Every structure is written in structure tokens, then in C-alpha cells.
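Let's work through a few exercises together. Take your time with the picture, then check each solution step by step.

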Amino acid sequence: MSIEKLGEWLQSSKNTVIVTGAGMSTESGIPDFRSVSGWWNHIDPRTVATTEALTENYALFHEFYKLRIEALDKAAPHEGHSILADWEQRGIVSLVATQNVDGFHQLAGSQNVEELHGSIRSIRCHRCQQAAFIDDFKRKASCPQCGGTLRPNVVLFGESLPQKSWHIVMEAIKRAELVLVIGTSLEVYPVNQLPMMTKGKTVYINLDTSQYTVPFDLVIEGKIKEVLQQIPI
Ligand code: OAD
């Protein structure tokens with residue numbers, strides 16, 4: 001019933017924005033953060049995902065991101081990512097705003113993607129901001145330009161989101177007739193504010209829908225791939 005309703009809304013909306021989180025990639029074998037098997041149930045985010053971690057415990061910081069970068073070599077986008085890319089190509093979706101740093105939406109063919117928490121696939125120097133090679137990061141080299149510390153282009157806790165992307169997403173959300181939020185616990189600010197910034201309809205697809213506090217017009221509990229496969233459009 002709710003899946004059919006979402007199908008109708010997708011078809012009638014002239015401007016649909018998708019917001020995704022780590023749940024989007026678990027079916028590709030990439031852990032999320034707050035599920036039982038998620039990263040933050042095994043490691044304290046303060047020790048690996050903050051600027052303090054980077055400057056004060058680079059060994060652990062480096063190990064964590066190297067592991068996550070290498071995990072991507074063995075994983076690929078799944079059919080759910082491809083369905084979203086197909087929707088974009090058919091004019092059903094205008095933008096994907098993601099908290100994910102894995103680049104799977106683009107690999108699956110989505111072109112209009114804003115990476116609100118950056119990308120783990122590109123590297124820069126934390127000190128001079130110069131772009132660097134991923135292999136240099138993997139072998140724990142220093143910045144070839146200034147000798148500073150190399151890091152992935154992800155947003156760490158305490159850092160601000162890429163302002164251009166954030167602005168693009170906010171404007172798109174304000175104009176959207178439908179916002180579809182997929183695979184995120186909505187625990188992290190400011191992305192968790194996005195569903196409340198639209199005048200359009202809002203839909204939430206997630207495995208666990210017991211914790212969210214944002215009011216949605218439609219909530220679909222289930223696995224992303226299965227839900228997306230069933231939408232009749
Ligand atoms: P979370 O791990 O907080 O939430 C992922 C959500 O996806 C959970 O509510 C799961 O129940 C759900 N989920 C997992 N697999 C699913 C599946 N196959 N189908 C449907 N739902 C599924 O991840 P995010 O909300 O993305 O930021 O986390 C937001 C940010 O917190 C991340 O970008 C990261 C993290 O700290 C930084 O590191 C800055």
C-alpha cells in the first residue's frame with residue numbers, strides 16, 4: 001500500500017530529491033555506523049573521526065580510513081543504487097544528496113550527486129590542502145608539498161560541510177515536491193534537518209523506523225534494495 005503510494009508520488013512529483021545515508025551501502029557489504037554491526041558500535045568516533053584524532057592519534061586515524069578505503073576495492077554498488085541512477089536518467093529524480101563517502105551513487109550512474117560528508121576516494125593534505133594520491137595516503141606518506149599529514153576528503157566531526165554542496169542541496173530541498181530519505185538514522189546534524197526544510201511530501205525508507213523524530217508523510221520499513229525494487233514505476 002505505502003509502496004504503491006510512493007510510486008504515485010514519484011510519478012506526479014516534478015522535483016524529487018533523494019537523501020541517503022550509510023544504510024544505502026550495507027547491502028554492498030559496507031557497514032553503517034549505528035546499527036549493531038556499525039562502526040560506532042565497535043570504535044568510539046572521537047578516536048577516529050575528529051580533527052583531534054587526526055592530529056593526536058594519526059596511527060589509529062590512518063588505520064581506520066585505510067581499512068575503509070581498501071574495503072571499497074572489494075565492494076560495488078547494488079541494484080538499489082542503480083534504480084536511483086535510472087530514475088535520474090528518466091527524469092524522475094533531480095538530485096541525490098548523500099552522507100556517504102563511498103562514491104557508489106556515481107559509480108552506479110547517478111550524475112547529479114552532492115556528497116555532503118565528502119569523499120573517501122580523494123586525499124588532501126590537512127595542513128596545506130594540496131590534493132594528494134590515494135596510494136601515498138595508503139602507505140602513510142607525508143604531503144609531498146609541505147610534509148603535512150595526508151587525510152581523506154571526508155568531513156570529520158567538528159568540521160563544516162562543503163558549503164557549496166550544502167547550499168545546492170538546501171535550495172533543491174526547498175523547491176522539492178518530494179523528498180525521499182533513505183538509509184539514515186537521521187542522528188547527525190545538519191543533514192537531519194533537511195527533511196524539515198521542504199514544503200513537499202516527505203518519505204522515509206529505513207530498516208529501523210523506531211527511533212526517528214522527524215515527522216514524515218510516509219514511512220516504509222524494510223531493506224532498501226527490496227523496497228526500491230518493488231516501487232511500481
Ligand atoms: P547510521 O549508521 O547512523 O544509520 C544508518 C541507518 O540505515 C540505520 O538506521 C539502519 O537501520 C539503516 N539501514 C542499514 N542497512 C539498511 C538496509 N539494508 N535497508 C534499510 N535501512 C538500512 O548512518 P548515517 O545516518 O548515514 O558521518 O550516519 C550519518 C553520519 O554519521 C555518517 O555520514 C558519518 C557518521 O558519523 C561522519 O563520519 C561525519
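**Exercise 1.** Why does the ligand lie between domain 1 and domain 2?

*Solution.* This is a predicted model, where local features need pLDDT of at least 70, side-chain atom pairs count only at pLDDT 80 or more, and totals for chains, interfaces and linings use all residues. Residues are numbered from 1 along each chain as its sequence is written, and side-chain values use heavy atoms, leaving out hydrogens and water.

Step 1: find the domains. Domain 1 is 1-30 + 77-117 + 162-233, and domain 2 is 32-74 + 123-154; the bounds come from an automatic or database domain assignment.

Step 2: look at the shell. Both domains give residues to it, so the ligand lies between them.

Step 3: check the domains themselves. Their C-alpha centres are 27 Å apart, and the contact (heavy atoms within 4.5 Å) takes eleven residues from domain 1 and eight from domain 2.

**Exercise 2.** How many residues surround the ligand, and which are the closest?

*Solution.* Step 1: count those with a heavy atom within 4 Å of the ligand. That gives 24, and the closest are Phe33, Arg34, His117, Thr184 and Ser185.

Step 2: sort the shell. You get eight nonpolar, eleven polar (Gly is among the polar ones) and five charged residues.

**Exercise 3.** Which atoms of the ligand lie 2.7 Å from a polar side-chain atom of arginine 34?

*Solution.* Step 1: look for N or O pairs within 3.5 Å. An oxygen atom of the ligand is 2.7 Å from such an atom of arginine 34.

Step 2: try histidine 117. A side-chain N or O atom there is also 2.7 Å from a ligand oxygen.

Terms used
A polar contact is a pair of N or O atoms within 3.5 Å; within protein, one must be able to donate a hydrogen and the other to accept it, and residues adjacent in sequence count only if both atoms are side-chain atoms.
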